[in-house]
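Biologist: Could you walk me through this model, one question at a time? I would like to see the reasoning behind each answer.

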Amino acid sequence: MSASSPVPAGPEVVDPAPDTLVLPFSRLRPGFDPERLPRFCDLAWRLALISPKESNRSLVIDWSRCPAGLRPGLMRAAFAELNVPTPAVLLQQRASRSTTQPGTLRHYFQIWTRFASWLDERGITELSQVTTGDLEAYAEHLRPLGRRWRTDAKALWVISRLWAYAPYLPESDRLLMPPWEDPAAVMSDFLGTNDDTPDGENCVAIVHPAVMAPLLVWALRTVLDLSPDILAAAREHRRLLAAIPDRAPLGGTEATVAHLRGLLAAGEKLPSSGAPGATAVLARHRGALPPLANTFLAGTLGVTFNQVARARGILSDELTPANFGPAPVLDIPLNARIGAAPWRQPIGFDDVDTLMLHLSTAALICCAYLSGMRPEEVLALRRGCCTRVERDDGTVRFEVRGRHFKGVLDEDGNAIGEGEERADPWIVLEPVARAIAVVEELEAGEQLFTRTLYRYAKGTCMPRTGLSSETAVERIRAFTAWANQLAAAHDRPHELIPPDPDGGVALRRFRRTIAWFIYRQPGGRIALAVQYGHAATAMSESYAGRSKADMLEVLDQEKGLALAETLTEAGERLATGETVSGPAAERYRAAAAEFSDRYAGTYLGKRELRALIANPRLQVYEDPKAFVTCNHDAFTALCNRDGAGDGGRSTPDHSRCHPACANISRTDSQITALRAEVARIDADADAGLDPYPIAAREQQRKSHLTAIIRRHDAQRPADTEPEER
């Protein structure tokens with residue numbers, strides 16, 4: 001290059017002034033409050049302002065947690081991450097995208113803060129002071145923390161982003177190249193061997209069956225049985241709120257005073273407030289007058305809230321706590337019952353908001369669990385999304401249309417935060433359609449599940465109405481407590497919802513749970529008469545034709561895992577010397593032996609599970625209710641009336657199990673359960689409580705079960721004795 005040639009200019013150094021706005025205007029959502037936009041000098045940056053999803057939280061970055069010495073440098077790096085195009089070195093590695101979503105950015109900045117805290121403990125106050133040895137030591141520091149290998153690897157790659165943005169930062173903020181970015185290096189050089197199991201839907205814990213069953217019972221009961229009463233209360237509640245004028249009518253205060261004095265003259269009590277917080281205020285000020293039901297009185301009398309408050313002030317010297325009664329109730333009939341009793345006492349005016357919230361939560365549980373949608377998909381549902389379709393064969397299907405988000409990318413490979421309209425509808429059960437109709441009456445706007453349904457929801461820095469997955473967890477927790485109160489009040493201990501051993505019931509756990517139930521629970525029913533087979537069919541139709549693995553993949557994985565567990569238990573039973581009887585006994589032993597030879601002690605990934613499902617010799621299914629094991633062969637199965645060659649089932653139909661089927665086998669464990677069933681029949685007969693037709697039918701069933709036990713015992717080896725009756 002000649003001396004006269006201009007020197008190429010490098011990238012502009014990022015060093016924003018204290019009042020510089022940190023969020024890029026091109027990504028701000030409509031309707032933001034300019035006064036609440038974070039500036040560089042602020043210690044709290046709200047990233048939800050650039051999120052296209054209404055259901056996101058505020059996503060606050062709290063820079064006060066970062067050590068003071070390193071804080072300015074990390075804030076400049078974060079400003080660069082938000083406003084400078086993604087460096088090419090990142091776009092060329094690990095499938096990075098040119099636009100990072102706010103939730104991911106918040107995660108990045110939190111990792112940077114933890115890294116800064118570790119550096120601060122070593123006396124390092126600037127990123128430029130960090131050495132290669134420090135970075136290697138940080139990698140060694142991560143492994144003993146007990147996290148997954150991949151989690152630690154991602155943390156180190158996030159640290160690499162500080163190096164990628166170094167050319168845009170002042171010299172004091174420039175991190176040298178981490179040693180794991182060397183082309184000759186691999187991450188295992190710094191973190192050891194990757195001992196993680198593969199990721200996937202199976203890493204998500206299912207909702208425990210003892211929790212899911214009563215939770216769904218109460219969700220369905222609330223939507224199907226209790227909703228008419230709650231919706232009637234909501235309509236009356238809204239009528240009263242709508243009757244409160246915007247402007248104070250002339251003489252409203254005097255009319256309110258007269259009304260309150262009239263109640264006292266008639267010997268009635270003044271209605272007190274039952275709103276959240278009113279009881280707590282009264283407890284802090286013992287001897288004070290209870291709070292008056294201002295909102296209820298304002299709606300009833302057609303005056304403003306302030307006029308009621310002034311009327312109370314005028315009468316304050318005349319009133320004592322004894323003049324106040326309970327909170328007001330709504331004059332609407334309640335028709336729903338739980339068992340033989342009314343489900344509750346009259347609904348109070350101040351109870352309506354909470355009941356509406358519980359009804360919305362019940363509908364959310366039904367929609368998320370019985371449809372197999374992802375959390376962001378069900379939370380994005382809009383009014384009118386569900387339609388009833390009558391098909392040519394006379395059957396009825398309910399179709400739900402909405403947006404999906406997974407794998408929705410723009411032409412540059414960046415995730416489109418607002419998703420896109422799903423090409424194929426979800427096929428759902430009728431309870432889901434009923435739940436959607438209920439929410440459409442609850443909500444006034446277009447979105448079905450919102451945080452603003454609850455009048456006392458806290459405000460945010462922007463007009464965000466969408467419900468977040470985190471808030472949904474809290475609502476499900478509150479719904480569980482409310483359902484348990486009803487179960488206790490109606491003496492239904494069998495319907496109490498216990499705490500889940502894996503923590504809060506999150507929406508993302510429902511997809512895995514219903515797949516688990518479909519393939520683990522014989523008999524074919526989800527809680528309150530919702531058929532498992534119907535749910536599996538609906539989901540298969542809903543996800544059919546999609547190019548990407550989705551709910552069908554989850555169902556297949558659960559089917560494979562269920563087969564693996566059944567065959568593992570079969571091998572363990574045979575190893576302990578259990579006898580197997582029935583026409584399919586040899587096939588049962590052969591299946592257990594083949595599974596043990598091929599899969600015992602190995603990790604079953606997606607490929608192995610697919611091979612397991614496809615192997616016709618390993619189709620072994622337990623049916624505890626029928627006390628049999630089905631070694632399913634679609635060509636000989638008597639439960640398959642249509643035949644295997646004409647749309648026959650690939651799995652047994654436990655609701656049609658035939659005692660003469662050639663696919664049946666029984667083990668000693670099932671015969672033990674049969675003996676317990678015979679003992680129960682004898683105990684019921686001795687008690688004499690069953691009507692004659694039922695008692696006669698039970699005796700016939702006992703004869704059938706006894707014959708099965710006798711045939712099984714006849715196949716025992718000669719040197720063993722049958723279990724003592």
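Modeller: Gladly! Keep in mind that this is a predicted model. Let's begin with charged side chains.

Biologist: How many salt bridges does the count come to?

Modeller: A pair counts when a side-chain nitrogen of Lys or Arg is within 4 Å of a carboxyl oxygen of Asp or Glu. By this rule the count comes to 28 salt bridges.

Biologist: Arginine 143 and aspartate 152 meet in a salt bridge. Which of the two is buried?

Modeller: Buried means under 20% relative accessible area. Arginine 143 has 22%, so arginine 143 is partly exposed. The other partner has 0%, so the buried one is aspartate 152.

Biologist: Glutamate 495 and arginine 221 also meet in a salt bridge. How many residues apart are they?

Modeller: Their N to O distance is 2.7 Å, and both residues are buried. Glutamate 495 sits in the loop between α15 and α16, while arginine 221 belongs to helix α7. The pair links distant parts of the chain, and the separation is 274 residues.

Biologist: Which helix gives the largest share of the largest nonpolar core?

Modeller: Nonpolar side chains tend to be buried together in soluble globular proteins. Here the largest nonpolar core holds 86 residues, and Phe510 is among those that touch the most other members. The largest share, 14 residues, comes from helix α7.

Biologist: Which strands are at the edges of the open sheet of four strands?

Modeller: The strand order is β12-β15-β14-β13, with antiparallel pairing. An edge strand pairs on one side only, and the edge strands are β12 and β13.

Note on methods. Residues are numbered from 1 along each chain as its sequence is written. This is a predicted model: local features need pLDDT of at least 70, side-chain atom pairs count only at pLDDT 80 or more; totals for chains, interfaces and linings use all residues. Side-chain values use heavy atoms; hydrogens and water are left out. Two strands pair if DSSP finds at least two bridges between them. Helices (H or I, at least four residues) and strands (E, at least two) are DSSP runs, numbered from the N terminus. A nonpolar core is a set of buried Ala, Val, Leu, Ile, Met, Phe, Trp, Tyr and Cys residues joined through side-chain atoms within 4.5 Å. Buried means under 20% relative accessible area, exposed over 50%, partly exposed in between (1.4 Å probe, protein chains only).
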